[in-house]
Amino acid sequence: MVNYETIIGIEVHAQLNTKRKIFSPSLNDTTSKPNTNIHPIDLGMPGALPRFNEEVLQKAIMVANAFGMDITRKMHWDRKNYFYHDNPKGYQITQQKTPIGRHGKIVLDSGKAIGVDFMHMEEDTAKSLHRDDCTLLDFNRCGVPLVEIVSTPEMRSGAEAREYIEKLREILVYLGVSDGKLEEGSLRVDVNVSVRPYGQPHFNPKVEIKNLNSFSNVEMAIEVERKNQMLAYNTGAKVVQATKRFMENSKTVEIMRVKEGVVDYRFFPEPDLPYIEIDDAYINDVIAHSNKLPAEIKAELKDFGFNDKDIVNLMSNMEMVTFFFKLTEAGLDPKQSLNYLLVNIKDYLNKSNHEFNQIAITLDNFIEIEELIASGKISTNHVKKIIPILCEKPQSAKTLVAELGIEQITDPQIIGQMVDKVLDANEQSIIDFHGGKDRAMGFLIGQIIKESKGQANPSLVNSILIEKLNERKC
Amino acid sequence: MNKTLQDFSKISKQEIIDGLKADKGNAVVNYIEEDFGTNLYIGLKDIHMQTLVPTTSASHILENQIGSYNSEVVSRLLAAGFNPVATLNMDEFAMGGSNKNSYFGSVDNALDPDNIPGGSSGGSAYAVAKGLLPAATGTDTGGSIRQPASLNGIYGYKPTYGLISRYGTIGFGSSFDTMGVLANDLDDAKLISAAMIGEDPKDNTSYVPAGFSLDAEAINDLNGKRIAIIKEFSELECDDETNSEYKRAIEWFISKGAKIVEHSIPTVKLALELYIAIAYAEGASNLNRFDGIRYGTQTDDHVPFITTRHLFGSEVKKRIVLGSLLLSGEKSSEVFEHAQKVRQKMKAQFVEVYKTCDYIIAPSNSMSTIGKSQDTNSYKFYSSDILLIPANLTGMPSLTIPLKPAGSSNPVGLQLMANRFEDGKLFSLAKFAEGKING
């Protein structure tokens, strides 16, 4: 039995969430009604010329920096010529010769670094909607900015491949440059899989797998394909270079096409666009305006003394992380803030089936809550009660506490009057107390709280009661 | 003939259209009936997208396509008060120098109907030289304004690349394409060009230096002026008419005080090859979009793309094949990169000449007339273009002026060339020579 090693390389196409498309003034919004965000440039009308959207450059620089890439200072665009119905100009504008970034890496939790060979900017094509008798085209997607991120073939298992993509996605999402949704196609993953006996220096023919719209499908497809290939070699069959598609229902990979020779895209420099030249000052300025990277955030959270489980939990939702930092910046205790989010808010999200960005609670609400607690007006028990209500609709926490009638009585004079009233009615308990019976104390507190309809601040009740009991000793 | 904007200002748009309709030279593709109310009448080469009538580029595939937007050239001309009268015939997709490659048929030469008008802006040159229109736009990728202007005895101006936005003008060799003017009158050419010039954010390759103007210092004599002639241009065999007129022009410049200096620009010999390698490649790619889905018809077997190719004329097909071939295979990018390097070298060699000389002059064409029956696919026909193409390869301006009085048979044009963005200097020199060199 031969032992095989699995070789995996990954190409990711990520849509950048710029306001407008890469080469036209159309809005970059693929969720609009089909063919509404279009322009003669997107449709490749005669005479229309591309004009480069600098926001794409800035976001691509942020990504290249996040992967620790060498950023290319002088770039040009290339035309990739091919005919396809989703490609109205008959060529795609891309960066074949001068990708914006080279030689980056993504580090897995194991410490293994996976090389990011290069990354380039390019335009997306129209979206094909296949019907039984025809194919419909939505040009809203045509000209949406993409970065193509190509790894080195350094992954050795489906799990590594999955983690690579998860890390990659996390970086894009945290940078705020892409929504990174595999299921919606804003992040598209193609994996190249081959196997070879351990020790064999050269690569065997590889199979490219497309249509991977979830992390688990990536992992599963690789497992299925590597087993297919090992079986083929073990039974004396051949593996031919091919493009396959993952079938979600049957959990199998199916051949789309076998590659016969290399497609000649007749690349040449795009004459309609000038060179892009950027210097260190430009790059540094862009990076200075870039969001924090996941690794930096993780380090900061570790500094707060949080455990790994809580960190992973919090970081699974970038908006929650952002909110967490808002809370701490406003002076809230980090542990308390984490507790609010991971316990109170998560609990609400689970019960209500809401997303974090749908809830109404604000930073000001938490500041109010902190003040209410600090002044003894509410207890932590109350907090549990009011957070879900504050999540429902925008309102003031203080007003809510007043409306609910749960605000604690903290006026010593009022509490003193209540204590006197209860003591007057329970002479025996005073005697019991001085006789050393602790239970009497508990009984009296209970009576006072009852008298206040639960609103008297317990610690104030406690201290005033002791004071008054001592007064009544003589 | 030799009618100016001023002359036309006295007649109505309808009269001009009637004149064009009565003419048998086949210069017009579509008439623009809408009257924009001014008397600044012009013709448009049928290559600038506009929303008035179809823009066809003289191709079957665009025969009935009305644009959804106005090209920058048309927008600027309309904004400046020009009143376009007709779209004018041309070689299909500006590919050709004979105007024989038009889906709408060939155009006559204004001076002799048995001769070609040149091309690709042949309809523009014909209508203007014939006196049917005062001026018309043209485009110049490898001489397509200057060669027909010369063959019809009129002015033709190819500006510095970048001065006029290419947005909306159907592309051929995108890194060469320049919009310009053909006119009977030098001042008209300048007026219309000035209206078209302007940096345009819609064309990232457009650029107009601050303070740029076509109005340079007037020239009163040529004392102290150094005019270069290029050895490699002189080595091209020209017909007798061209030789004698060119010689006369040089003598005239000397008589006015200019010093004529000969320079060698070795890369000029490669101009045609560079042009074919780069412009045909760009052109083939630019035509990919006519793929049978949005343009042209799909055949019954629903195979798009390739089936539309029969809608192109033979010259266009030839250039698509050549251009695609040059980009195919493993070595293609090396070839293309090498061509780009030589192109840069040529640019540097021209700049070097302009360090010591004010102008370069050269004939606009090696032949003063070309019969319709002559083989316009011959190497001899193409080789004449080495006089024209360097200005496109280098992006430098060139203005062709007629050396004979308007209407003369066997017309000969003289190119005045200068460094990039020195277009104004060309108009000053032409103004100085106007009516004297060709009087």
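Of the contacts in chain B between residues at least 6 apart in sequence, 75% link residues at least 24 apart. This chain belongs to a predicted model, and its mean pLDDT is 95, with 98% of its residues reaching 70 or more. For the complex, the predictor reports an ipTM of 0.95 together with a pTM of 0.90. Chain B contains 14 helices and 11 strands. Its radius of gyration, 20 Å, is close to the 22 Å that the globule rule gives for 439 residues, so chain B is as compact as a globular protein of that length. The C-alpha trace of chain B spans about 70 × 60 × 45 Å along its principal axes, and buried residues account for 56% of the 439 residues.

The interior comes next. The largest nonpolar core holds 120 residues, and those with the most contacts inside it are B:I42, B:V128, B:L133, B:A135, B:L182, B:Y359 and B:L416. Helix α9 of chain B, residues 271-286, gives the most to this core, supplying 10 residues. A helpful place to look is B:L416: once its neighbours within four places in sequence are left aside, B:L416 is in contact with B:Y359, B:I361, B:L399, B:I401, B:L426, B:L429 and B:A430. One of these partners, B:Y359, also appears among the core residues with the most contacts. A second, separate core comprises 66 residues, including A:I8, A:M45, A:A66 and A:V116.

In chain A, a convenient residue to follow is A:V147, found in strand β10, which covers residues 145-151. A:V147 has 25 C-beta neighbours inside 10 Å and therefore counts as buried, the cut-off being 20 or more. Apart from neighbours within four places in sequence, A:V147 is in contact with A:A14, A:L16, A:A60, A:V63, A:M119 and A:M121. The fold also brings A:H13 to this part of the chain: A:V147 and A:H13 are 134 residues apart in sequence, yet their C-alpha atoms are 5.7 Å apart in space.

Two strand arrangements in chain A can be traced residue by residue. In one, three strands form an open sheet in the order β5-β4-β15, with antiparallel pairing. The edge strands of this sheet are β5 (91-94) and β15 (268-269), each of which pairs on one side only. Strand β4, residues 78-81, pairs with β5(A) in the antiparallel sense over four bridges. Within chain A, A:N81 stands opposite A:Y91 of β5(A).

The other arrangement is a hairpin of β13(A) and β14(A), with four residues between the strands. Strand β13 takes in residues 242-247 and strand β14 residues 252-258, and the two pair in the antiparallel sense over six bridges. A:K244 stands opposite A:I255 in β14(A). In this hairpin, A:K251 adopts a positive phi near 55°.

Finally, the two chains meet in a contact that takes 24 residues from chain A and 33 residues from chain B. On the chain A side, the residues touching chain B comprise 13 nonpolar, five polar and six charged residues.

Definitions and conventions
Residues are numbered from 1 along each chain as its sequence is written. Chains are lettered from A and ligands numbered from 1 in the order in which they are written. This is a predicted model: local features need pLDDT of at least 70, side-chain atom pairs count only at pLDDT 80 or more; totals for chains, interfaces and linings use all residues. Two strands pair if DSSP finds at least two bridges between them. Two residues are in contact if their C-beta atoms, placed from the backbone, lie within 7 Å. Ala, Val, Leu, Ile, Met, Phe, Trp, Tyr, Cys and Pro count as nonpolar, Asp, Glu, Lys and Arg as charged, and the others, Gly among them, as polar. A nonpolar core is a set of buried Ala, Val, Leu, Ile, Met, Phe, Trp, Tyr and Cys residues joined through C-beta atoms within 7 Å. A residue is buried if 20 or more other C-beta atoms lie within 10 Å of its own, exposed if 12 or fewer, and partly exposed in between; C-beta atoms are placed from the backbone. The radius of gyration is taken over C-alpha atoms; the globule rule is 2.2 Å times the number of residues to the power 0.38. pLDDT is the predictor's confidence in each residue, from 0 to 100.
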